[in-house]
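Trainee: I have a model open and would like to work through its contacts. Where should we begin?

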Amino acid sequence: MDLLNTLVDKGLRRELPTREEALAVLATSDDDLLDVVAAAGKVRRHWFGRRVKLNYLVNLKSGLCPEDCSYCSQRLGSTTGILKYTWLKPDQASQAAAAGLAGGAKRVCLVASGRGPTDRDVDRVSETIKAIKDQNEGVEVCACLGLLSDGQAERLREAGADAYNHNLNTSEGTYGDITTTHTYADRVDTVQKAHGAGLSACSGLIAGMGESDEDLVDVVYSLRELDPDSVPVNFLIPVEGTPLAKEWNLTPQRCLRILAMVRFVCPDVEVRIAGGREVHLRTMQPLALNLANSIFLGDYLTTEGQAGKADLEMIADAGFEVEGTDQVTLPEHRTETAGGGCGSHEAAGCGSHGSAGCGSHEDAGCGSHEGGGVCGTAAAAAAPANEPRTDLVAVRRRGAGTDLAPNA
């Protein structure tokens with residue numbers, strides 16, 4: 001297919017595809033899907049080999065958020081029955097992080113619900129970063145605390161933070177339909193603050209909120225202009241009790257096309273399969289590793305994920321390897337040049353942040369069952385295609401904020 005050959009050539013040169021080419025990827029047929037995956041896989045392997053970076057979430061403060069993000073189980077007025085607790089102490093957060101690191105995670109993502117941190121909150125997180133780094137040599141720490149005020153990014157950097165996450169989530173044109181308590185411009189401003197402080201920017205999107213193909217392309221092109229080092233791709237989990245509870249729009253094939261499009265537009269950045277992979281990709285998760293080079297290990301912020309052991313088995317069975325702490329994630333040209341993007345032009349890249357939680361959608365995840373494996377029971381596995389898979393969504397009841405061991 002001429003389109004795919006063109007996109008591979010552009011990806012290897014870090015050249016921006018046209019909008020028409022990006023839209024064409026999303027419009028490909030199921031008959032062409034494996035060709036699309038193979039083409040995007042060439043770009044992924046060129047820049048990242050067969051390495052998979054593991055990230056682990058620690059929800060420092062859960063629920064009770066004053067913002068009204070429609071996708072979020074922690075939103076104002078949520079009736080989802082999630083865990084609700086105030087700030088974990090540094091030793092509690094460090095203990096929670098240790099489980100993920102023992103499971104092979106290279107980066108710990110420290111997330112807190114809320115509009116944005118106070119200066120006291122930044123102090124708390126700074127103490128937590130120190131506690132984690134003192135006990136774990138070589139660990140990366142990403143903070144996701146919402147909208148940043150002047151000087152806060154610099155303070156997090158001085159405390160030892162390596163990255164900051166804030167997702168754009170959706171296109172500028174549709175942002176007001178998803179959230180009203182802050183603006184798309186507020187999110188862009190926070191990403192720029194993180195960049196300016198020397199933090200690695202992590203910013204992505206949420207697919208499946210009723211957006212059009214044009215909206216998806218718009219947000220990914222906006223991310224490229226903002227130039228993050230990592231782009232988490234979340235797939236909406238329509239949790240009961242949220243305004244988007246009825247939005248079951250995704251299929252495994254749709255998810256793979258979205259990941260391929262992101263890889264072609266942002267060829268040399270860390271593309272992370274974040275929240276919702278178990279629910280929407282299901283048994284197609286191993287195929288998605290040919291497109292993305294990063295995943296979250298274990299549970300998400302407020303919902304359960306696939307068992308950590310199953311994640312590791314999936315990576316090995318698919319012929320990939322877990323990226324070690326002694327390996328550099330990004331290609332050399334991105335690590336050498338501050339602000340060097342995934343594009344071939346100045347200011348080109350991919351990224352911006354969001355309070356959806358360190359690149360992982362708060363509502364994402366699914367119940368992992370004893371013994372691990374892809375989520376879902378045998379009976380659930382026989383569910384008709386394209387039917388809502390509410391059976392795969394379970395509120396997190398273990399790990400941070402509980403007395404039960406975390407899933408890692």
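Mentor: Start with a term. A salt bridge is a side-chain nitrogen of Lys or Arg within 4 Å of a carboxyl oxygen of Asp or Glu. Keep in mind that this model is predicted.

Trainee: Which residue forms a salt bridge with Glu 140?

Mentor: Look for a side-chain nitrogen within 4 Å of the carboxyl oxygen. The closest N and O atoms are 3.0 Å apart. The partner of Glu 140 is Arg 107.

Trainee: How many residues apart are Glu 140 and Arg 107?

Mentor: Glu 140 is in strand E3, residues 140-144. Arg 107 is in strand E2, residues 107-112. The pair links distant parts of the chain, and the separation is 33 residues.

Trainee: Are Glu 140 and Arg 107 buried or exposed?

Mentor: The cut-off for buried is under 20% relative accessible area. Both Glu 140 and Arg 107 are buried.

Trainee: Which residues are joined into one network by salt bridges that share partners?

Mentor: Arg 107 and Glu 140 belong to this network. Shared partners bring in further residues. The full network is Lys 53, Arg 107, Glu 140, Glu 270 and Arg 272.

Trainee: Which parts does the salt bridge of Arg 257 with Asp 30 tie together?

Mentor: The closest N and O atoms of Arg 257 and Asp 30 are 2.3 Å apart. Arg 257 is buried, with a relative accessible area of 7%. The two residues are 227 residues apart in sequence. The parts tied together are helix H10 and the loop between helix H2 (19-26) and helix H3 (33-48).

Trainee: What distance should helix H10 span?

Mentor: Helix H10 covers residues 252-265, which is 14 residues. The expected span is 1.5 Å times one less than the number of residues. The end C-alpha atoms of H10 agree with the expected span. That span is 20 Å.

Trainee: How many residues of H10 are buried?

Mentor: H10 is mostly covered. H10 also gives the largest nonpolar core its largest share, nine residues. The buried count for H10 is 13 of its 14 residues.

Trainee: Which residues touch the most other members of the largest nonpolar core?

Mentor: This core has 92 residues. Val 58 is one of those that touch the most other members. Leaving aside neighbours within four places in sequence, Val 58 is in contact with residues including Leu 88, Ala 93 and Val 111. The three asked for are Val 58, Leu 156 and Phe 235.

Trainee: Which aromatic pair includes Phe 296, and is it stacked or edge-to-face?

Mentor: The partner of Phe 296 is Tyr 300, with ring centres 6.4 Å apart. Phe 296 is buried at 0% relative accessibility, and Tyr 300 is buried at 2%. Planes over 60 degrees apart count as edge-to-face. The planes of Phe 296 and Tyr 300 are at 70 degrees, so the pair is edge-to-face.

Trainee: How many aromatic pairs does the structure hold?

Mentor: Tyr 175 and Tyr 184 also pair, with centres 6.0 Å apart. Both Tyr 175 and Tyr 184 are buried. The number of aromatic pairs is two.

Trainee: Which residue has Arg 50 over the face of its ring?

Mentor: A charge over a ring needs CZ of Arg within 6 Å of the ring centre. Arg 50 is at 4.2 Å from the ring centre. The ring belongs to Phe 320.

Note on methods
Residues numbered from 1 in each chain as written. Predicted model: local features only at pLDDT ≥ 70, side-chain atom pairs only at ≥ 80, totals over all residues. Heavy atoms only, no water. Helix = DSSP H or I, 4+ residues; strand = E, 2+ residues; numbered from the N terminus. Buried < 20%, exposed > 50% of the residue type's maximum accessible area, 1.4 Å probe, protein only. Core = buried A, V, L, I, M, F, W, Y, C linked by side-chain atoms within 4.5 Å. Contact = heavy atoms within 4.5 Å. Phe/Tyr/Trp six-rings, centres within 6.5 Å; stacked < 30°, edge-to-face > 60°. Lys NZ or Arg CZ within 6 Å of the ring centre and 35° of its normal.
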